[in-house]
Amino acid sequence: MKIQSLEDLNAIRRTYAKQIYAPEGIRINIGMASCGIAAGARAALNRAQEAFRGNATIQIRQTGCIGFCEQEPLVEILAADKPRIMYKKIQEDKIVEVIEGYLAGDFKTHKKWILGQMKDPRSLLEDEIENPLAAIRPVDGIPFMEEAPFYSAQIKVAMRNCGYIDPDRIEEYFARKGYVAFLQALKKNNPQEIIETIKASGLRGRGGGGFPTGIKWATCAKHHGNRYIICNADEGDPGAYMDRSVLEGDPHSVIEGMLIAALGIGSSQGYIYVRNEYPLAVKRLVTAIKQAKSYGLLGENIAGTDFSFNINISTGAGAFVCGESTALMASLEGKVGRPRAKYVHTVEKGFRESPSNLNNVETYANVPAIMLKGADWYTSMGTARSKGTKVFSLVGKINNTGLVEVPMGISLRDIIFKIGGGIPKKKKFKAVQTGGPSGGCIPEQFLDLPVDFDELAKVGSIMGSGGMIVMDQDTCMVDLARYFVDFLKDESCGQCNPCREGLKQMLKILTDICQGNGKEGDIELLEEIGAMMQKFSLCGLGTSAPNPVLTSILYFRDEYEAHIQDKKCPAGVCKPLFHYEIDADACTGCGVCAKKCPQGAVSGEKKKAHSIDQGKCIKCGICYEGCKFDAIRIC
Amino acid sequence: MNEAAMMETPDAIDYMELDTIIETEYGLSRENLIMILQAIQKRYNYLPKPALTYLATKISLPMSQIYGVATFYSTFSLEPRGRNIISVCLGTACHVRGGAKIHEKLENMFQITDGQTTADHRFTLESVRCIGCCSLGPVIKINEDMHSRIQTDALEKILAQYE
Ligand SMILES: Cc1cc2nc3c(=O)[nH]c(=O)nc-3n(C[C@H](O)[C@H](O)[C@H](O)COP(=O)(O)O)c2cc1C
Ligand code: SF4
Ligand code: FES
């Protein structure tokens with residue numbers, strides 16, 4: 001069927017809203033994004049399908065990631081007349097039992113596997129329908145998901161559908177008001193109005209640079225030629241996976257955003273450049289595009305108008321620099337992804353020398369929501385110059401790892417300690433790294449900083465695309481700086497001297513420091529090279545590459561000095577610069593370390609203090625991680 | 001590359017199949033070069049030289065440009081790889097959770113370094129920078145299977161599943 005009007009769309013929407021909110025029988029949503037699958041969701045899904053084969057009252061559905069990756073596999077069960085329950089860590093051995101419990105109305109037996117119950121599953125676009133759970137009595141003694149610390153501060157705009165719908169069924173996207181924004185814009189707005197709304201919303205690019213999206217669209221629309229709408233799904237920042245999650249959990253939100261951009265800018269061809277490491281995202285996009293075509297929402301003469309738009313998918317091949325706009329467009333043309341100087345911007349001459357509008361996945365995913373709810377609604381969230389919400393991937397040494405979408409302006413402390421639940425194993429927070437290889441490390445003293453493009457830049461880091469890597473006392477800041485420089489040295493395209501040679505020299509100096517061969521003057525030399533690279537590199541990779549080094553020197557100079565002057569690595573990471581010793585007073589002689597040590601380097605009598613044979617020790621750290629009494633010391 | 005891998009006779013190239021990839025799937029377009037190379041690598045596990053020479057004439061592109069692209073992007077391999085590809089994530093999130101220790105352990109187990117293949121062709125060890133499962137780090141991927149929250153002592157059991 002080809003959709004011709006909003007009425008057509010609304011008719012389908014009503015049918016499927018019933019399926020996703022109040023199904024006959026029960027519906028089981030299994031989180032099947034890459035992270036869920038890695039945690040065992042596929043096996044759980046297969047087991048459930050086997051166990052309930054032929055039972056028409058049980059619908060088993062795959063969904064995207066709702067963000068609480070720490071507790072995966074996540075399984076949610078709902079029915080028209082029962083509470084909506086989210087179960088955590090449901091591997092194949094538990095799933096059948098959990099479903100049977102739910103069917104029997106028993107929420108006690110498996111209470112320890114319940115993450116919570118939902119209060120209101122609607123997306124924030126659906127305020128005109130009634131809460132499907134309004135008439136259902138909640139289960140006593142089970143917390144509401146919306147009130148859990150992990151969720152209560154979150155507002156889901158870009159991720160509004162992730163975890164609620166089956167991404168392989170466009171009808172479920174319709175059910176949550178998908179494509180309404182696009183059809184309205186198509187039938188009612190002129191291009192100027194679309195661009196004005198985006199401008200007024202204050203939306204800034206979510207790919208890292210934070211350039212105002214409306215201004216970019218307006219500039220692109222001014223240039224003549226075959227304009228292209230391109231989506232940057234290269235997500236190169238190691239430790240960030242927001243874009244993957246949106247593409248895997250709700251691909252249509254990105255397609256709809258691109259359609260609206262195409263209407264505003266005037267384009268009939270789009271491209272999505274996805275990194276090769278995301279095969280599932282590619283698969284879901286291919287399916288989504290096919291389905292959108294079959295409903296006539298992509299293709300020629302969309303909904304009976306003279307507007308036509310198609311989307312092609314192109315995959316990258318493992319080059320971080322291809323996330324940069326000019327390199328990305330070269331790569332789309334099948335060439336080596338080398339950035340060029342931007343005397344002429346890509347909005348004027350980009351892909352195939354034509355005007356090209358490039359935005360990030362999350363940027364596009366925000367667009368339909370802004371169009372539906374209006375610019376005023378969007379600007380009501382955030383700070384003076386950073387509006388709306390931002391998705392962060394909260395990873396590293398943190399209790400609740402996962403994806404969180406928060407309003408701009410929230411403090412780093414709230415994200416890390418309230419939502420993230422703090423640092424595991426009672427260890428001490430040391431720093432949070434934002435912005436990936438182009439960003440910096442932010443120490444404890446700035447934790448009350450509001451998260452916003454400009455505030456993070458003031459302390460030497462950047463918002464970046466949303467990677468937030470939390471580090472505790474066991475992370476060595478010099479080693480981390482070395483890690484990023486090593487990464488960037490491999491990824492530099494090598495065409496300009498400051499970046500190519502600067503990174504090489506920085507790596508050499510940092511490696512020397514980590515191996516105990518640091519010299520007086522090394523820190524100053526790093527600063528000098530960094531300043532030179534910031535000034536003279538051709539593209540953003542080179543100009544931002546020194547950030548991790550310079551911020552770690554700025555805030556953790558003492559660690560550098562300990563490495564250089566005392567030949568010590570206080571965090572116990574740089575192997576030549578520390579050794580383990582057992583604190584005889586704290587050691588209970590339980591013998592766990594002696595059993596675990598692969599080298600047989602630990603010895604001692606039962607119930608008496610043990611000791612380590614330094615000649616045998618390879619500093620693998622297994623004893624340090626394994627000791628329950630904190631008796632292993634880094635010296 | 002180690003010697004055993006070098007001595008192996010190269011795969012016979014199926015040119016009919018190459019035609020399907022280059023013409024039918026990718027319409028002889030130079031813009032699709034990267035995706036054509038990906039398809040060839042998927043088929044042969046690496047980029048065999050004769051296939052590249054053939055591709056160069058088919059889409060009239062100098063060999064130097066094809067090599068340029070094949071060596072610029074890190075997913076491409078110009079040498080044969082093992083039956084199973086182990087990708088150890090060394091992305092930042094995995095790094096701070098001990099990804100390097102996993103990599104080191106694998107290097108020691110197989111007596112090979114990053115990018116090399118074991119003499120029996122069972123495994124190729126590669127490092128990657130983030131596969132998007134950062135919340136479950138450290139992560140390794142073997143062929144298409146993701147293994148999360150890896151601890152060094154669990155490696156042998158995981159590897160035993162792959163012949
Ligand atoms: C080295 C480098 C890597 C980048 N990688 C990405 C990326 O992976 N994803 C992304 O969306 N933007 C990336 N960017 C930013 C893009 O160049 C571009 O600004 C962005 O895609 C524009 O979209 P936005 O305005 O919606 O953010 C990168 C920039 C540089 C300099
Ligand atoms: S700054 Fe680095 S990555 Fe960018 S163009 Fe120069 S060498 Fe290439
Ligand atoms: S850092 Fe390892 S999967 Fe992202």
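**Exercise 1. A charged pair across two chains**

Which residue of chain A forms a salt bridge with E31(B), and how far apart are the closest N and O atoms?

*Solution.* Start with the rule: a salt bridge is a side-chain nitrogen of Lys or Arg within 4 Å of a carboxyl oxygen of Asp or Glu. The partner of E31(B) is R352(A), and the closest N and O atoms are 2.6 Å apart. Side chains of opposite charge can pair when their charged atoms come close.

Two notes on the source apply throughout. The model is predicted, so local features need pLDDT of at least 70 and side-chain atom pairs count only at pLDDT 80 or more, while totals for chains, interfaces and linings use all residues. Residues are numbered from 1 along each chain as its sequence is written, chains are lettered from A and ligands numbered from 1 in the order in which they are written, and side-chain values use heavy atoms, with hydrogens and water left out.

**Exercise 2. The interface of chain B and chain A**

Describe how chain B meets chain A, from residues to area to polar pairs.

*Solution.* Step 1: count contacts, meaning heavy atoms within 4.5 Å. By that rule, 35 residues of chain B are in contact with 57 residues of chain A.

Step 2: take the buried area, which is the accessible area (1.4 Å probe) that two parts lose on being put together, summed over both. For chain B and chain A this is about 3,500 Å², with 54% of it on carbon and sulfur atoms.

Step 3: count the pairs. There are 5 salt bridges between chain B and chain A. Polar contacts are pairs of N or O atoms within 3.5 Å; within protein, one must be able to donate a hydrogen and the other to accept it, and residues adjacent in sequence count only if both atoms are side-chain atoms. The two chains have 26 residue pairs in polar contact, both residues at pLDDT 80 or more.

Step 4: find the helices. Helices (H or I, at least four residues) and strands (E, at least two) are DSSP runs, numbered from the N terminus. On the side of chain B that touches chain A, at least two residues each come from α3 (33-44), α5 (63-72), α6 (92-96) and α7 (99-110).

**Exercise 3. Two domains of chain A**

Where do domain 1 and domain 2 of chain A lie in the sequence, and which salt bridge can be named on chain A between D127(A) and its partner?

*Solution.* Step 1: domain bounds come from an automatic or database domain assignment. It gives chain A a domain 1 at 8-152 and a domain 2 at 179-377, among others.

Step 2: the centres of these two domains, taken over C-alpha atoms, are separated by 31 Å. Here 14 residues of domain 1 of chain A touch 15 residues of domain 2 of chain A.

Step 3: about 1,100 Å² is buried between the two, and carbon and sulfur atoms give 63% of that. In domain 1 of chain A, the residues that lose the most area to domain 2 of chain A are L9(A), S34(A) and L125(A), together 40% of what that side buries.

Step 4: the count between the two domains is 1 salt bridge. D127(A) pairs with K373(A) at 3.0 Å, N to O.

**Exercise 4. Buried or exposed?**

For the pair D472(A) and K397(A), decide whether each residue is buried or exposed, and say what the pair ties together.

*Solution.* Step 1: buried means under 20% relative accessible area, exposed over 50%, and partly exposed in between (1.4 Å probe, protein chains only).

Step 2: D472(A) has a relative accessible area of 3%, so D472(A) is buried. K397(A) also counts as buried, because its relative accessibility is 16%.

Step 3: their salt bridge spans 3.1 Å between the closest N and O atoms. D472(A) lies in strand β14 (467-472) of chain A and K397(A) in the loop between β10 (389-396) and β11 (402-407) of chain A, so the pair ties together parts 75 residues apart in sequence.

**Exercise 5. The largest nonpolar core**

Which residues of the largest nonpolar core touch the most other members?

*Solution.* Step 1: a nonpolar core is a set of buried Ala, Val, Leu, Ile, Met, Phe, Trp, Tyr and Cys residues joined through side-chain atoms within 4.5 Å.

Step 2: this core has 143 residues, and the residues sought are Y179(A), F182(A), L297(A) and F309(A). Helix α11 (residues 251-265) of chain A gives the most to the core, with 9 residues.

Step 3: leaving aside neighbours within four places in sequence, the contacts of F182(A) include L259(A), L263(A) and L297(A).
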